[in-house]
Amino acid sequence: MPSSPSTQQSGAPHRLDPRAWGVLVVMCGAIFLEGIDVAMLNVALPSIRADLGLSTGALQWVMSAYVLGYGGFMLLGGRAADLYGRRRMFLCWLLVFLLFSGLGGLATESWMLILARFVTGVAAAFMTPAGLSIITTSIPEGPQRNRALLVYAGIASGGYSLGLVVGGLLTAIDWRWVFFAPVLLALVLLIVAVPLVPRSPRPGPIGQGVDLAGAVTVTAALLLLVLAVERATHTSAVQTVGTAAASLALLGAFLTIEARSRAPLVRLGILRSGALVRANITGLLFLAAFFGFQFVAVLYLQELRGWSTLETSLALLAVSVDIVLAPLLTPRLVARYGNPRVILGGLLLAAVAYALFLRIGPDTTYAAMFPTVIILGVAFALVYGPLTIAATDGIEHREQGLAGGLLYTSIQFGAALGLSVVAAVNVAATGAGASPAAMLDGYRAALVVPLAAIVVAAVVTAFGVRRRADAGNVGPGDGADLPAAAVRAPAESGR
């Protein structure tokens, strides 16, 4: 059994021993797998639609099913890792990820693909917190762990960026390779992880169990809400209202379960933190805007403009400029101005980016689109990481994991909600017409959704800036004393 942090040598505090590097490589491989999996699918959507004959509504479910499974079960995944062993949870759910990613590649019907994506998202929800906790429990706190987290976050960003290009290349061969490639990578990781990942100590007697009822009800509530939004344009008002009402009823059931549970997924008292609530609302709206924008942009470039998947991938690649800016620029800005102001600045930049893209036409040049893409990359660098700090600011140490889990759950739900709203608006605005003019009208109408979401997010964040105004200069709680790793959260959870 590997030595615990307390027994590791202290002679080289800035260096990781070979075993620790091995563990880190495996965990980085897993977060890279998740990032590349999401990014590759983004650019493959039009090809999947053409092959399987999916409607716009069904197409958004290919993405939404994953993020809903991911976000709905992430809190449960973290709890399960603590109760049943981090190594066991990581290896078991990596195997599930492998199997259902392969099933997605074999899908011949829309329901098979959507089901496969949902279960793959659930697997990621259990695998990710287990993997991150393996890093933090295998590497002692301090410079070693900070360095490891910097590497981990950078690999996560790199997975998403590389996935855009690789997805274009694989889709040019066959879109099914977008699902088969992660299977091969997951298999390699599984083989390497078995001997390298340390066995965690067997959990002692625990009187509290897993809040499975809470996880199921909140996930079902989110699924029904997204379903109600997506189907609003092509079902009766009675069905839409009924689905939304069922979603609210399940949400009420979730709150009741959490209030009465001895081991709740969410201690409701934590929601008294205004900073945490604002960060969660902002994260939800920010990712709703980005995922909605990317969904529309990919359809516009490939289905209206006739761009190839590789051309689309390269066109969107500039968003990943945040890989450079997040560790170099963002910590300095946070140290000087504080989280709320940096986040607000990023949101305003995103609003400008989305407003610029509203001008798209049937022959808009890439030079005219580029400002939107590059500004969005800067906005991501200013918003995404600092939100993690803002969401955990002032929260007790024992509930830091809960606060982070809430934020990433909000982010995943925001992504699914943004996809469903833009899909619904696009369908409603396009109507029955399939002409280029009708398609362009639909895209332009749908692009208003990201802009509106970002404006609301900026208003919410502005309240936080105003509350800090009387406090003077930035204090420790604003993140000035945190390492750069804390400012750059794993990108695959948000993009």
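What share of the 495 residues of the chain counts as buried?

**Figure 1. An overview of the predicted chain.** The answer is 55%, where buried means under 20% relative accessible area, exposed means over 50%, and partly exposed lies in between (1.4 Å probe, protein chains only). This is a predicted model, in which local features need pLDDT of at least 70 and side-chain atom pairs count only at pLDDT 80 or more, while totals for chains, interfaces and linings use all residues. Residues are numbered from 1 along each chain as its sequence is written, and side-chain values use heavy atoms, with hydrogens and water left out. The chain has 17 helices and zero strands; these are DSSP runs numbered from the N terminus, with helices (H or I) of at least four residues and strands (E) of at least two. About 19800 Å² of the chain is exposed, and carbon and sulfur atoms supply 67% of that area (Shrake-Rupley method, 1.4 Å probe; for residues, only the protein chains shown count as cover). Among contacts with a separation of 6 or more, 85% are between residues 24 or more positions apart, a contact being heavy atoms within 4.5 Å.

**Figure 2. Helix α3 packed with helix α6.** Here α3 (residues 86-106) meets α6 (residues 177-196) at an angle of about 160°, their axes being 8 Å apart. Axes are lines fitted to C-alpha atoms, for helices over the stretch in contact, and angles run from 0 to 180 degrees between N-to-C directions. The two helices are therefore roughly antiparallel; angles over 145 degrees earn that label, those under 35 are roughly parallel, 65 to 115 roughly perpendicular, and the rest oblique. On the α3 side, look for residues including Phe-90, Leu-94, Leu-98 and Ser-101, which face partners on α6, among them Phe-179, Pro-182, Val-183 and Leu-190. By class, this contact has 16 nonpolar, four polar and one charged residues. Nonpolar covers Ala, Val, Leu, Ile, Met, Phe, Trp, Tyr, Cys and Pro; charged covers Asp, Glu, Lys and Arg; the others, Gly among them, are polar.

**Figure 3. A close-up of Ser-101.** Ser-101 sits in helix α3 and counts as buried, at 0% relative accessibility. Leaving out residues up to four places away in sequence, Ser-101 touches Asp-37, Thr-120, Phe-179, Pro-182 and Val-183.

**Figure 4. Helix α2 beside helix α3.** The axes of α2 (residues 56-84) and α3 come within 9 Å and cross at roughly 150°. That makes the pair roughly antiparallel. From α2, the contact is made by Tyr-66, Ala-80, Ala-81, Asp-82 and Tyr-84, and from α3 by Arg-86, Arg-88, Met-89 and Phe-97. Sorted by class, these are six nonpolar, no polar and three charged residues.

**Figure 5. Thr-282 and its partners.** Thr-282 belongs to helix α9 (residues 274-304) and is buried at 1% relative accessibility. Setting aside neighbours within four places in sequence, you can find Thr-282 in contact with Ile-343, Leu-347, Leu-387, Ala-457, Val-460 and Thr-461.

**Figure 6. Ala-379 in helix α14.** Helix α14 (residues 366-392) holds Ala-379, which is buried at 0% relative accessibility. Ala-379 touches Phe-286, Gly-346, Leu-349 and Ala-350, not counting residues up to four places away in sequence. Measuring C-alpha to C-alpha in the model, Ala-379 and Val-342 are 9.5 Å apart in space and 37 residues apart in sequence.
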